[in-house]
Amino acid sequence: MMAQLARLAGSGASSARSSLGTDLSVAGLALVAVAILGNTVEEFTAFEWSLWAIQAILALSLVLIWGYGGIFSFGQAALYGIGGYTYGFWAINFADNTGESLTAVVAAVVVGAAFAALLGYFMFYGNVTNVYVAIITLATSLVLFAFVNSTSGSEYRIGDAPFGGYNGMTRIPRLTWRLPGGASHELTRVQFFVVCVAAGLLIAVGIRILSRRPFGRIAVAMQHNELRTELSGYNVRAHKLALFTIGGGIAAFAGALFAAWGRFISPPIFSLTPAALVVIWILVGSRSSVAGAFIGVLIVEGLSSWAGGADGNNEPIVLGAILIFIVLFLPGGVIANAARAWALASRQAANRQPAPPNSQEPAQASQIQPTASPVLDWMAEANGERSNSPIATRMVTKRFGGLTAVDNVTLEFPSTGVSCLIGPNGAGKSTLFGLLSGQYSVTDGQVLLDEQNLTKWPAFQRARQGIGVKLQVASIYKELSVRENLWLACFAMPHNRETADVRTEQLLEWLRLGEHARNPAGLLSHGQQQWLEIGMVVATSPCVVLLDEPTAGMTREETRQTGELVSQLGEWASVIVVEHDMEFVRQLGAPVTVLHRGRLFTQGSFDELSGDERILDIYLGRE
Amino acid sequence: MALDRLFNLGFDLFSGIAILLLVSIGLAVIFGMRGIINLAHGEFIMLGAFATLSGVRSGMNVWLAMLIAAAAVGVFGIVLERLLIRRLYGRLFDTMLATWGVSLILVQAVDNHYGSVTEGIRVPVGSFTVGEFSMSAYNLILMGAAAALTTSTFIVMRKTKYGLLARAATQSPTMAQELGVNTSLINMWTFGLGSALAGAAGALLAPLVGVIPTMGHTYVARSFMTVIVGGPSFIAGTVSASGLLGLVENVATNRFTPVIGQAMLLIAAIVILRFMPQGLTGRRDTR
């Protein structure tokens with residue numbers, strides 16, 4: 001996993017190209033080897049092996065959506081079944097006339113992807129949690145199982161092709177191709193084998209390409225921190241839907257090959273055992289690497305065909321035992337564990353050498369650069385084009401059940417400059433930020449930016465409109481490297497890879513996090529994590545910057561530097577700071593708004609308010 | 001519409017809802033209290049049915065056999081919790097996968113032992129008629145049992161010391177531990193209670209359905225959808241979701257076929273979750 005991410009991390013354009021070259025040559029070599037092997041073994045053996053290649057394609061569909069996107073689906077086998085049945089219907093009805101069955105494969109992919117898209121729409125646009133996705137896909141498979149099982153009557157047919165109920169659909173045509181005007185060719189068993197392997201390798205390379213492209217990086221990002229991804233301006237739901245749809249198409253493609261392979265498909269394809277198998281394959285291999293799909297299938301299917309030779313009935317028991325064993329002892333799969341053991345062994349070997357200088361010096365080196373930086377330039381550029389856009393609330397109220405967290409607050413902030421928002425715990429400050437950024441929907445009232453009513457907008461659209469927020473608890477991608485964190489934020493706004501690459505480096509320099517660029521962000525100190533998140537907010541060139549307790553966990557010196565940074569940002573954007581550190585608020589010298597129990601309490605300059613007895617009262621809880 | 005026909009339709013509907021509630025309440029306890037997705041839930045139901053079958057075959061009174069079956073599945077649940085589930089709390093997907101493994105093993109093991117087809121047991125009570133319609137008195141017992149089990153689960157959770165501690169351990173495990181609650185033991189009892197309820201459901205269903213090793217699959221999709229549509233306050237949620245989804249399934253089954261009924265239940269559940277992602281009892285205003 002980490003190795004994968006590390007590889008994702010450092011890839012500039014040129015290295016991406018060369019790793020594509022590596023991928024293609026590995027895939028090409030594998031294909032040549034397999035093709036030679038397929039021609040030397042007996043025809044029937046090659047035919048048997050085709051099934052493994054098909055299953056590897058099915059496994060790849062789950063690697064894509066679970067390994068990269070973090071969407072755990074039990075439904076890949078069901079989509080495989082849908083692909084198989086669609087191929088059957090299409091080929092039985094049309095292959096005699098057209099002399100080829102490739103269009104049937106295309107039909108299978110289209111139907112599978114469409115089914116996945118429909119189901120995915122309801123799941124992802126309903127914002128159900130990941131667990132519910134697992135349950136819904138499982139339930140969908142079981143209902144399909146019951147449905148197809150009940151279709152034995154002759155009234156269940158599409159054209160010439162009956163469903164066949166629990167007996168399944170038989171006499172499905174083999175894979176056949178024909179050039180326009182030419183004769184039609186049915187693939188021999190060895191040819192079919194080579195085609196299956198080639199398709200599997202192509203899809204694997206395709207997934208690797210996708211994983212290096214922004215689409216794949218965003219998928220990994222939303223797996224690690226969905227909220228931050230949304231707040232950076234990415235449409236997380238659309239991304240999940242796209243990923244799930246592609247996965248559905250791949251699974252259905254495998255299903256079509258399966259139907260062409262055995263010339264038969266039956267309802268148990270929708271039952272629990274195949275659904276379990278797909279998961280087991282990539283658990284055994286690795287859920288986050290395409291090689292894992294192939295290795296997992298080889299290990300599990302190899303084992304079970306070996307064990308099944310003795311007594312085929314015990315296959316579910318073997319599968320169940322494998323599942324439990326992996327969950328208890330090998331989380332992460334065979335590949336990851338082997339890699340970890342390898343890394344451990346080589347580290348021990350390295351430890352005998354003199355220790356390398358420690359690259360993780362404490363934080364004193366990382367001071368935010370006070371001088372002008374290109375970072376501020378592109379912020380100025382972005383906001384110079386924008387019209388003056390003050391953010392305002394009009395009588396907003398937010399209730400959580402019986403608790404009124406924000407109560408009828410009307411506020412307006414200037415289009416540039418710093419403002420402070422203070423108030424005792426529970427005053428509604430963070431909730432108000434949530435209402436501005438779109439994390440929460442208002443119970444009543446309006447949120448306006450530049451006279452535009454944003455009240456109903458989802459968070460990612462508000463981010464695109466220029467509202468950036470640093471949350472109270474730093475919300476960063478802890479498992480991803482610092483550079484990846486910044487890159488993801490930089491790519492969000494002008495959707496451009498080159499710009500994002502350049503800006504990432506500028507931000508690293510500005511934040512003085514260059515030496516930590518390759519480390520997971522979770523290893524940074526508290527203060528550095530705060531800066532990183534501020535950097536990620538700045539990366540989207542916002543016109544409104546919401547900072548929720550930016551100095552929490554910082555030393556006095558770090559706090560002072562943060563104050564300078566906030567003032568710099570205030571030249572180009574409306575910066576609203578929630579803070580408990582009154583020294584920091586004084587340093588900012590900005591107008592202060594006081595919230596108390598969800599209501600607007602008072603407003604004024606720091607000096608005016610510091611003499612106000614009532615504010616002392618509410619902070620000390622005196623009525 | 002004649003009154004007796006109306007009564008018959010209502011009777012049918014409430015039988016369906018009672019069955020849905022029975023097969024869901026055990027799952028709801030385990031999911032609601034411990035956040036465990038027990039994919040072997042259907043197999044717990046199946047075990048309850050097979051245990052009842054074995055008891056009756058060995059000459060036991062059918063009601064006694066049902067009681068013992070529920071208790072036996074409860075004990076089985078406790079053993080499984082100690083051996084396996086205990087190690088996996090807080091690892092959502094891992095529990096799901098491990099219990100799935102358990103499910104696969106149980107189905108095949110029971111199949112190896114009993115075979116895939118069994119003779120059922122007789123419905124222990126007769127029928128009664130209302131107007132032109134004859135109805136099974138056993139369904140009345142099912143409704144009574146569903147109501148009784150749900151009510152007693154509610155009372156156990158609200159009124160007993162175990163219930164208080166269990167709810168405390170759900171809301172804040174660390175705090176409960178700091179206050180000296182043995183959360184591990186509480187978890188064990190919670191899992192046992194949920195398993196016993198699943199076993200009871202299987203026992204009560206045994207006279208009505210084909211007792212076969214894969215019978216759990218019939219219920220697992222339905223019970224999961226019911227529980228997630230129910231949402232966080234799991235007893236009230238499961239009752240209301242059973243009512244709603246039971247109605248949908250019943251109407252579709254009467255109008256079309258049982259399979260369409262199941263499909264409509266699933267579709268209704270997915271549509272409900274699209275607009276109420278936290279279920280019927282979820283707070284809609286947390287986002």
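A crossover is right-handed if, with the strands pointing away from the viewer, the path from the first strand over the helix to the second runs clockwise. The legends below refer to a predicted model.

**Figure 1. Right-handed β-α-β unit of chain A, formed by β11(A), helix α21 and β12(A).** In this unit, helix α21 covers residues 556-570 of chain A. The flanking strands, β11 (residues 544-548) of chain A and β12(A), run parallel and are joined by 5 bridges. Within this pairing, A:Val545 has A:Val575 of β12(A) as its bridge partner.

**Figure 2. Strand β12 (residues 574-578) of chain A and its surroundings.** The strand is largely enclosed by the rest of the structure, because 5 of its 5 residues are buried; a residue is counted as buried if 20 or more other C-beta atoms lie within 10 Å of its own. Burial extends to both faces of β12(A): A:Ser574, A:Ile576 and A:Val578 occupy one side, and A:Val575 and A:Val577 the other. A parallel pairing over 5 bridges connects β12(A) with strand β7 (residues 417-422) of chain A. Opposite A:Ile576 of β12(A) stands A:Ser419.

**Figure 3. Open sheet of 6 strands in chain A, with the order β10-β11-β12-β7-β13-β14.** The pairing in this sheet is mixed. Its edge strands are β10 (467-470) and β14 (599-604) of chain A, each of which pairs on one side only. On average, and with direction ignored, neighbouring strands are turned by 20 degrees against each other.

**Figure 4. The β10 end of the sheet, with helix α20 (residues 526-539) of chain A lying across β10 and β11 of chain A.** The helix runs at about 175 degrees to β10(A). Beneath this heading the strand pairing is also shown: β10(A) and β11(A) run parallel and are joined by 4 bridges. A:Gly468 has A:Val545 in β11(A) as its bridge partner. A:Val545 is also the bridge partner of A:Val575 in β12(A), and this residue therefore links the present view to that of Figure 1.**Figure 5. Contact between chain A and chain B, involving 41 residues of chain A and 39 residues of chain B.** On the side of chain B that touches chain A, the elements giving two or more residues are α4 (92-114), α9 (215-230) and α11 (258-275) of chain B. The largest share, 15 residues, comes from α4(B). By class, this side of chain B has 26 nonpolar, 7 polar and 6 charged residues.

**Figure 6. Packing of helix α6 (residues 130-149) of chain A with α9(B).** The two helices pack at an angle of about 145 degrees, and their axes are 9 Å apart. The crossing of α6(A) and α9(B) is left-handed. From α6(A), the residues A:Tyr132, A:Ile135, A:Leu138, A:Ala139, A:Leu142 and A:Val143 take part. They meet B:His217, B:Val220, B:Ala221, B:Phe224, B:Met225 and B:Ile228 of α9(B). The residues of this contact divide into 11 nonpolar, 1 polar and no charged.

**Figure 7. A:Arg263 in the loop between α10 (236-262) and α11 (272-284) of chain A.** A:Arg263 counts as partly exposed because it has 14 C-beta neighbours inside 10 Å. Residues up to four places away in sequence aside, A:Arg263 touches A:Arg171, A:Ile172 and A:Arg174. From C-alpha to C-alpha, A:Arg263 and A:Leu546 are 61 Å apart in space, and 283 residues separate them in sequence.

Terms used: Residues are numbered from 1 along each chain as its sequence is written. Chains are lettered from A and ligands numbered from 1 in the order in which they are written. This is a predicted model: local features need pLDDT of at least 70, side-chain atom pairs count only at pLDDT 80 or more; totals for chains, interfaces and linings use all residues. A residue is buried if 20 or more other C-beta atoms lie within 10 Å of its own, exposed if 12 or fewer, and partly exposed in between; C-beta atoms are placed from the backbone. Two strands pair if DSSP finds at least two bridges between them. Two residues are in contact if their C-beta atoms, placed from the backbone, lie within 7 Å. Ala, Val, Leu, Ile, Met, Phe, Trp, Tyr, Cys and Pro count as nonpolar, Asp, Glu, Lys and Arg as charged, and the others, Gly among them, as polar. Axes are lines fitted to C-alpha atoms, for helices over the stretch in contact, and angles run from 0 to 180 degrees between N-to-C directions. A crossing is left-handed if the near helix is turned anticlockwise from the far one by less than a right angle, and right-handed if clockwise.
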